[in-house]
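Reader: I should be grateful for a close look at one part of this model: the pairing of its strands and what is arranged around them. Please proceed step by step, so that I can follow the account on the displayed structure.

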Amino acid sequence: MIPESFIQDLLARVDIVDLIDGYVPLKKAGANYAACCPFHSEKSPSFTVSPSKQFYHCFGCGAHGTAIGFLMEYQGLGFVETIKELAGKIGMPVPDDAPGVRHDDQGSSRGLLEVMTRAAQFYKEQLKQSPKAIDYLKQRGLTGEIAAKFGIGYAPPGGLKAAFVDYNDKRLAAAGLVKVGEDGRRYDYFRDRVMFPIVNQKGEVIAFGGRVIGQGEPKYLNSPETPLFEKGRELYGLPQARQGLRDSNVAVVVEGYMDVVALAQHGVGNAVAALGTATTAVHVQKLLRQVDRIVFCFDGDNAGRKAAWRALENALEALADNKSIGFVFLPDPEDPDSFVRTYGKAAFERKIAEAMPLSDFLLRHLAERCDLTSSEGKAKLIYEAKPLLAKLPTPLLRLQLVKRLAEASGFVQAEVERLCELKAIAPPAPAKAPRAAPSISRALLRLVLQKPALALRLPVDLLPDAAERAALIRLHDLAAEGGILAYAALRERLRGTPEENRIETAAAELLGLPFDEVEVDTEFAGVLTRLQEGGQKRAFAELQALVQRVGVSGLSADEKAAYLRLLSGRGKDG
Ligand SMILES: [Zn+2]
């Protein structure tokens with residue numbers, strides 16, 4: 001566990017504007033900064049960053065968060081990983097570290113990144129001196145421009161000895177560049193191969209893919225997993241594809257790095273590849289954050305079909321109803337590289353546009369394995385569909401599939417649902433109708449977020465029964481516990497609570513408002529007065545009803561005193 005106080009210190013020391021600007025160039029817009037949103041596709045900027053409150057908010061897609069939230073979303077990292085990365089950026093040691101992350105310079109991520117950068121540079125230089133490697137790339141139709149864009153290099157047979165003064169540097173082995181044999185001898189992992197650096201979203205080289213020139217096994221070789229490189233998370237070509245993804249709102253997932261590079265060479269800039277592994281749910285999530293549609297484009301052979309099916313199985317849980325997935329199978333023996341070289345960009349893009357919908361592929365694949373002329377085969381179809389349907393978080397797509405399964409199997413829709421033990425998926429909450437006194441509660445919430453110390457002065461008993469009530473009480477309790485926090489720290493503190501959306505909505509309202517301490521206090525006092533008056537009115541009405549039933553003499557001493565006080569107060573206010 002990372003202590004709460006550490007997260008607060010971290011947020012106090014990181015500047016969200018600097019952080020985000022490193023990934024998404026920001027422009028000053030009044031008191032805030034703006035950019036086109038990195039989390040949805042848009043033409044005019046609705047992504048706003050508040051330097052004073054240290055949060056971002058997108059008015060287009062609702063993305064919202066602190067520096068921590070941004071890195072988590074942008075890089076698809078977990079909470080703890082993100083904390084570590086942010087802390088590393090500003091050199092804060094993380095207390096109570098999880099095992100596996102070392103802080104000595106030899107094994108630290110920074111140390112490993114250094115040797116990777118050096119190696120990538122060396123491989124690039126070596127390419128210029130290798131006519132054999134240059135020929136290979138030319139034969140593949142690649143220009144120097146594309147080779148440079150992807151940082152393509154060449155690992156000479158002699159390996160990295162010439163690149164590092166100390167070939168015994170432990171970091172070379174830790175980064176997966178050098179293997180240590182049983183006899184203790186060291187040798188290069190990549191030799192005589194064309195090298196494709198694998199770059200993360202920050203532009204850092206974290207691994208390599210190497211392809212043999214001519215014949216030889218294995219044809220493709222990837223870096224082993226290291227502290228920098230986890231295969232199921234990274235996609236080859238993602239940083240280079242960013243613009244293409246944004247322009248097309250579609251990601252094309254292919255099998256190999258040569259496919260990505262060849263497509264880019266022919267003007268298809270939105271392709272990425274999974275790295276020596278099946279497409280994972282993390283890959284799909286990462287992509288769906290940037291685009292609304294993914295098309296998997298695999299070879300038409302058996303291996304390609306298998307890869308596509310694995311991709312489908314892993315994509316299901318990451319799907320949403322406003323997202324779509326398609327599949328393209330190229331005619332055997334083509335792959336995207338050969339296809340685009342033979343038929344060109346337009347033909348390839350036509351294939352992508354005509355991709356088979358996920359539901360078609362799913363049903364075809366299952367139907368191939370079941371004899372749908374027999375009742376056993378029909379039951380088997382439902383049985384095989386069951387675990388897949390269970391993964392789907394999307395009500396519309398699931399319904400569509402259930403209907404088609406019903407058609408194919410001859411069961412009625414309700415039977416399919418029962419056999420697959422499908423539970424109803426809650427429909428997305430409808431836009432909430434305004435409830436009682438929204439203006440007062442909303443104003444209070446906005447004011448407290450503007451100046452969190454005000455939470456202490458919230459009259460909890462008087463708060464109207466509006467949607468913001470729970471959030472206000474949560475903020476009051478937090479402040480009362482001694483935690484008066486700046487907005488970003490509050491937001492992290494409320495991660496995962498039911499109130500977080502309400503608080504984000506109110507915080508977004510702050511973006512248009514200048515902050516003036518005195519005005520905030522005056523406005524808060526004004527709202528409190530209105531609340532108290534409202535409370536008195538209610539109390540007076542209740543007492544008056546009581547008096548009508550039992551008479552003034554029927555009141556208790558306390559009630560009588562309150563009644564007289566309220567009566568005279570009313571006289572005074574008119
Ligand atoms: Zn957005």
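**Strand pairing and its surroundings**

Author: Seven bridges join strand β9 (residues 193-199) to β10, and the two pair in the antiparallel sense. The model is a predicted one, and everything that follows should be read accordingly. Within this pair, F196 has G209 of β10 standing opposite. The two strands belong to an open sheet of four strands, whose order is β6-β9-β10-β11 and whose pairing is antiparallel. At its edges are β6 (153-155) and β11, each of which pairs on one side only. From one strand to the next, the twist averages 35°.

The link between β10 and β11 deserves a separate remark. P218 is found in the loop between β10 (205-212) and β11 (220-222), and the peptide bond that joins E217 to P218 is cis, with omega at about -10°.

To place the sheets along the chain, one may turn to the domain assignment. The protein chain is divided into domain 1 (4-89), domain 2 (109-222), domain 3 (235-362), domain 4 (369-419) and domain 5 (438-562). The C-alpha centres of domain 2 and domain 5 are 62 Å apart.

A further open sheet has six strands, in the order β12-β14-β13-β15-β16-β17, and its pairing is mixed. β12 (235-236) and β17 stand at the edges with a single partner strand each, so one side of each is left without a neighbour in the sheet. In a regular strand, side chains alternate between the two faces of the sheet.

Both senses of pairing can be followed on the β16 side of this sheet. Strand β15 (residues 293-298) and strand β16 (residues 324-329) run parallel and are joined by six bridges; I294 has I325 of β16 as its bridge partner. On the other hand, β16 and strand β17 (residues 356-357) run antiparallel, with two bridges between them. There, F327 has M356 of β17 as its bridge partner.

How are β15 and β16 related through helix α12 (residues 302-315)? Together, the three elements make a right-handed β-α-β unit. After β16, the loop that leads to α13 (336-353) contains P333. The peptide bond between D332 and P333 is cis, with an omega of about 0°.

At the β12 edge, β12 and strand β14 (residues 271-274) run antiparallel and share two bridges. Y236 stands opposite A273 of β14. α12 packs on the sheet, where it touches β15 and β16, and its direction makes about 155° with that of β15. Helix α9 (residues 238-248) lies across β12, β13 (250-254) and β14, and runs at about 130° to β14.

The loop between α9 and β13 is the place of N249. Phi of N249 is near 60°, which is a positive value in a residue other than glycine. N249 counts as partly exposed, because it has 14 C-beta neighbours inside 10 Å, whereas 20 or more would be required for a buried residue.

E421 offers a second case of this kind. Its phi is near 50°, again a positive value in a residue other than glycine, and E421 has its place in the loop between α17 (413-419) and α18 (438-450). With 9 C-beta neighbours inside 10 Å, E421 counts as exposed.

The packing around the six-stranded sheet may now be considered. In soluble globular proteins, nonpolar side chains tend to be buried together. In this model the largest nonpolar core has 97 residues, of which V253, V260, V272, A273 and I294 touch the most other members. Helix α5 (residues 109-128) supplies the largest share of this core, namely eight residues. Among the members just named, A273 is the residue opposite Y236, and I294 is the bridge partner of I325. Which residues is V260 in contact with, leaving aside its neighbours within four places in sequence? They are Y236, G237, V254, A271, V272 and A273. A second core, separate from the first, has 50 residues, including A63, Y74, A455 and A506.

Finally, one loop position may be noted for comparison. G483 is found in the loop between α19 (469-480) and α20 (487-493); because 17 other C-beta atoms lie within 10 Å of it, G483 is partly exposed.

Notes: Residues are numbered from 1 along each chain as its sequence is written. This is a predicted model: local features need pLDDT of at least 70, side-chain atom pairs count only at pLDDT 80 or more; totals for chains, interfaces and linings use all residues. Two strands pair if DSSP finds at least two bridges between them. A crossover is right-handed if, with the strands pointing away from the viewer, the path from the first strand over the helix to the second runs clockwise. Two residues are in contact if their C-beta atoms, placed from the backbone, lie within 7 Å. Axes are lines fitted to C-alpha atoms, for helices over the stretch in contact, and angles run from 0 to 180 degrees between N-to-C directions. Domain bounds come from an automatic or database domain assignment. A nonpolar core is a set of buried Ala, Val, Leu, Ile, Met, Phe, Trp, Tyr and Cys residues joined through C-beta atoms within 7 Å. A residue is buried if 20 or more other C-beta atoms lie within 10 Å of its own, exposed if 12 or fewer, and partly exposed in between; C-beta atoms are placed from the backbone.
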